Amino acid sequence: MPQTHQAGPAPRYVPAAKSLPEQIADAVACRSTPLSHLLRLMAALDAEGGNEALRLRLRARIGAPLDA
């Protein structure tokens, strides 16, 4: 049976990718960010040879108690 129209993929919203410093700032500010996500950000920062101030903020957040 012939097709009467061509079905293409549905358009979808793709948010603009955030830079690594923006991702780190968001993760540090959000107290519900999982430790695994913080560790992935630390690995990405290390791979990039990133900013020492960002590394210290991220490291402080990883070591911070949950009720801090």
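Helices are DSSP runs of H or I with at least four residues, and strands are runs of E with at least two. The model treated in these exercises is predicted.

**Exercise 1.** Determine how many helices and strands the protein chain has, and give their pattern along the sequence.

Solution. Applying the run lengths above gives three helices and zero strands. In sequence order, the pattern of the protein chain is α-α-α.

**Exercise 2.** List the buried residues of helix 1 and explain why they lie on the same side of helix 1.

Solution. Step one: with buried taken as under 20% relative accessible area, helix 1 yields Leu20, Ile24, Ala27 and Val28. Step two: these residues share a side of helix 1 because they cover an arc of only 95° around the axis. Step three: as for partners, the buried residues of helix 1 pack against helix 2 and helix 3.

**Exercise 3.** Identify the residues of the largest nonpolar core and the helices that supply them.

Solution. The largest nonpolar core has 10 residues: Leu20, Ile24, Ala27, Val28, Leu38, Leu41, Met42, Leu45, Leu54 and Leu58. At least two residues of this core come from each of helix 1 (20-29), helix 2 (35-48) and helix 3 (52-63). Leu20, a member of the core, can be followed further: beyond its neighbours within four places in sequence, Leu20 contacts Leu41, Ala44, Leu45 and Glu48.

**Exercise 4.** State what share of the protein chain is buried, and describe its contacts and exposed area.

Solution. Of the 68 residues in the protein chain, 19% are buried. Among contacts with a separation of 6 or more, 50% join residues 24 or more positions apart. The protein chain exposes about 5400 Å², of which carbon and sulfur atoms supply 61%.

Conventions: Residues are numbered from 1 along each chain as its sequence is written. This is a predicted model: local features need pLDDT of at least 70, side-chain atom pairs count only at pLDDT 80 or more; totals for chains, interfaces and linings use all residues. Side-chain values use heavy atoms; hydrogens and water are left out. A nonpolar core is a set of buried Ala, Val, Leu, Ile, Met, Phe, Trp, Tyr and Cys residues joined through side-chain atoms within 4.5 Å. Buried means under 20% relative accessible area, exposed over 50%, partly exposed in between (1.4 Å probe, protein chains only). Contact means heavy atoms within 4.5 Å. The arc is that of the directions from the helix axis to the C-beta atoms. Accessible areas come from the Shrake-Rupley method with a 1.4 Å probe; for residues, only the protein chains shown count as cover.
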